[in-house]
Amino acid sequence: MMQRREKREGFVLMAVIFSIAIMSLVVIVAFTTSDDERRSARASRESTLALYAAEAGLRATLGNWPAAPTAALNPGDSVDLGWTTIPNNGRYRAVIQRVDNGGLRHYSVVVSGRRANSYGGQSSILAVVAGESRFKAAITSQGPLSMTGSSNGIIDGYDSDNAPYSPTTGDTTLIVGNGPISLYNAFTVRGDVKAASTIWNTSGVTGDVRPFAPPFAANPVLSCPAGGYSTGINTNSKVNYSSSTGVLYVEDNGKLKLKGENQYRFSRLLVADGGSVEIDGDGSRVDIFVDDWLAFAPGSIETTSGKPTQLAFWACGSPPNPQTWYVAGGKDAFYSVYAPNHEIQFRTGGGSANNNVYGAMVGASFVLPSAMRLHFDAALTRMPSSTLKTLPGSWAQLPAN
């Protein structure tokens, strides 16, 4: 008996259709994966270009720092510099916020970069810009520092933001120079001494002594304020002043009170033995800019604030032959001196009370008597400064929104 065969018409066609479907799916997946990879690569490229746009914006912002808008910021305030287009049609936007508590200025700079296309690549980066203190040490000397005499003076430190000066303070101080430093053995330095050259007679130094240390960058000479020399100075037979020449001379027994102004400019400020200048800023800082020559006798500078951060003498301009500046102490000598293009000599006399000065000094070189008593105020390191620098290591890329 013969078996009957089962009919299988159409099996090959179904197999072919199924194979074609599978192959089509594989092709579609391949094309889709390829397109996804292309889009991913394009997005990565656009994001990288957006990062470059943000980096270009950061460099442009730091290189062309908006001094006026940022100087007007109070702590916590910010300024938006808006969107700027760069040559490759990318854009960046810089926002600067002041983040300090009212002392030495600190700013966060956030720059967003964007690509001008449908992919919309975006990236944001952050850097911190900080003010650089003019006074980082009790004495900063670009050249040599030499000490004369045989008295037991002292250089120490305190912080007027915390408490008035006390001889028992535990705060330390610093003397730093790019030239040789020569002290007197019995002279006490309650802190460190560093020089890019030799250091002599350091038995009175309580901290580290570091000769041949790396030199520091030269302190810049400041430009003089615009507007000419000060006017409205009260003169008399013992106080001579010309607003055309800027020369102020206070003779023996002469008395001058500078009150109400927060900035003065002179070409020369000279106060003779027996003369006095009382400086009262009514609670505000007083800055005195001097083009050429500053000289005042021991006990002749009187301040009412009791804080070195409230009075500063600034050398400005570039006189052809910079004069030596002669400064001195006193019972109310609270001030700082910034004169990187002048030699500074400290004068003593009139008893030990007139040998005290509370503040800090920056000069081209120094000649100091061993009878001096310089008390460095750490609050000066937080005093506002127009010199800004980017803090190393502050660069960061922010996560995308």
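Let's start at strand β6 (residues 145-148), which runs parallel to β24 and is joined to β24 by four bridges. Within this pair, Thr148 sits opposite Pro369 of β24. Keep in mind as you look around that this is a predicted model.

Strand β24 is a good place to linger. It spans residues 356-369, and 12 of its 14 residues are buried, so the rest of the structure largely encloses it. Buried here means under 20% relative accessible area.

Several other strands pair with β24. Strand β5 (residues 139-141) does so in the parallel sense over three bridges, and there Ile139 faces Met361 of β24. Strand β23 (residues 334-347) also pairs with β24 in the parallel sense, this time over nine bridges; look for Ser336 opposite Ala360 of β24. Moving on to strand β25 (residues 373-377), you will find four bridges to β24, again in the parallel sense, with Gly359 of β24 standing opposite Phe376 in β25. As you follow these strands, it helps to recall that in a regular strand the side chains alternate between the two faces of the sheet.

Now turn to another sheet. Three strands in the order β16-β18-β20 form an open sheet with parallel pairing. Its edge strands are β16 (255-259) and β20 (301-303), each of which pairs on one side only. On average, neighbouring strands of this sheet are turned by 20° against each other, direction ignored. Between β16 and strand β18 (residues 276-280), which run parallel, there are five bridges, and Leu258 is found opposite Ile279 in β18.

Conventions. Residues numbered from 1 in each chain as written. Predicted model: local features only at pLDDT ≥ 70, side-chain atom pairs only at ≥ 80, totals over all residues. Heavy atoms only, no water. Pairing = 2+ DSSP bridges. Helix = DSSP H or I, 4+ residues; strand = E, 2+ residues; numbered from the N terminus. Axes fitted to C-alpha atoms, helices over the stretch in contact; angles between N-to-C directions. Buried < 20%, exposed > 50% of the residue type's maximum accessible area, 1.4 Å probe, protein only.
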